[in-house]
Amino acid sequence: MSFIRAATLARSAAVSTRLYSTEAATIKKSKFPLYLFGAVVASAGAYGYATYESKAEEVEPKKGLTSPLDPQNFIDITLKKVEPYNHNTSKFVFDLGDGKASLLPVTSCVYLKTEDFTDAKGKPMYRPYTPISASDLEGELTFIIKKYETGNVSKYIHSLKPGDKLAVKGPLPKWSWKMNEFDEVGLIGGGSGIAPLYQVLQHALADKTNKTKFKLIFANVTEADILLREEFDAMKKKYPNSFDVVYVLDKPPANWNGPSGYVTADLIKQHIAPPSLGEKVKVFVCGPPPQVTSLAGKKDGPYKQGELTGILKELGYTADQVYKF
């Protein structure tokens, strides 16, 4: 729901359409280019497609809260305010009403629909987006959405003004998150694809029973493109023994002290728990299809994981240790 330049399996697309920032790196060199610019995919900004492999962990609602959302039907919600985040991304806060909360399971997303744009069959277009507001936040549902010139849904959402309505359907469950199922969790993402990973961290770190250690590698083009940086830095400060984040920039400023260029196998080995931990380690990947392909192999459609290949396979991780949003 922009970033990582395509790797080996996306090379032909990069060459023919000239959509990528630079030529792709090969998996043989155990690195993938960082960013895919916004015109790459029609579903840009909504990379976390729902899967129905298992039921996500239910969030226990605060007393008296109910959810207006419907997993079978679209309902209209009203835009409350828009908060510009950077040059192409904004936060959109929708009003759910008193006594209402999304109560979305972790992890899950929702579909957002536009009547202004239709697909090849003449049906309204919709895309999956993961909210960044807490599941039990009363009265509001917030998304952070990047605008893509070829992403019709994102363009439509960015055209909305306070008071306008937007159709939403959900929740759509993805990975079945269970507290303390893993000792170590690695998260690799970039750009607006960070939302599903943020959802996991927001929920797990706030849980007083949490014993899992989380490490996030977050890749972006420039420093200004780092979404939710204040939130991640606050998490790192509040939970120093449970969470750490590494920012990687494709085009770093002169005074940048962090990693730059490619996310390499060496960088992953340095920061993500090793596959030797077996069932005690999990790696979550979220990004555009070329990024996912480079790291972990192409997904088999929106609902199936597909074969594990790419850098994580080369490093020894198994299919059971990796999940592709």
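## Exercises on a predicted model

Strand β2 (residues 75-84) and strand β7 (residues 165-173) run antiparallel to each other and pair over 4 bridges. Keep in mind that this is a predicted model. With that pair as our starting point, let's work outward.

**Exercise 1.** Find the bridge partner of D76 in β7, then place both strands in their sheet.

*Solution.* Start at D76 and look across to β7: the partner is A167. Next, widen the view to the open sheet, where 6 strands line up as β5-β4-β7-β2-β3-β6, with antiparallel pairing. Now go to the edges: β5 (124-129) and β6 (140-146) each have a single partner strand, so one side of each lacks a neighbour in the sheet. Finally, check the twist, which averages 40° from one strand to the next.

**Exercise 2.** Identify which residues touch the most other members of the largest nonpolar core, and which element gives the most to this core.

*Solution.* The core holds 34 residues, and those with the most contacts to fellow members are W177, L201, F214, L216, F232, F243 and F284. Then ask about elements: at least two residues come from each of β8, α3, β9, α4, β10 and β12. Of these, α3 gives the most, with 7 residues. Zoom in on L201: beyond its neighbours within four places in sequence, its contacts are L187, A206, F214, L216, F232, M235 and F243.

**Exercise 3.** Describe how α3 and α4 cross.

*Solution.* First, the geometry: the axes come within 12 Å and cross at roughly 30°, and the crossing is left-handed. Second, the residues: Y198, L201, Q202 and L205 of α3 meet E231, F232 and M235 of α4. Third, sort them by class: 5 nonpolar, 1 polar and 1 charged.

Conventions
Residues are numbered from 1 along each chain as its sequence is written. This is a predicted model: local features need pLDDT of at least 70, side-chain atom pairs count only at pLDDT 80 or more; totals for chains, interfaces and linings use all residues. Side-chain values use heavy atoms; hydrogens and water are left out. Two strands pair if DSSP finds at least two bridges between them. Axes are lines fitted to C-alpha atoms, for helices over the stretch in contact, and angles run from 0 to 180 degrees between N-to-C directions. A nonpolar core is a set of buried Ala, Val, Leu, Ile, Met, Phe, Trp, Tyr and Cys residues joined through side-chain atoms within 4.5 Å. Buried means under 20% relative accessible area, exposed over 50%, partly exposed in between (1.4 Å probe, protein chains only). Contact means heavy atoms within 4.5 Å. A crossing is left-handed if the near helix is turned anticlockwise from the far one by less than a right angle, and right-handed if clockwise. Ala, Val, Leu, Ile, Met, Phe, Trp, Tyr, Cys and Pro count as nonpolar, Asp, Glu, Lys and Arg as charged, and the others, Gly among them, as polar.
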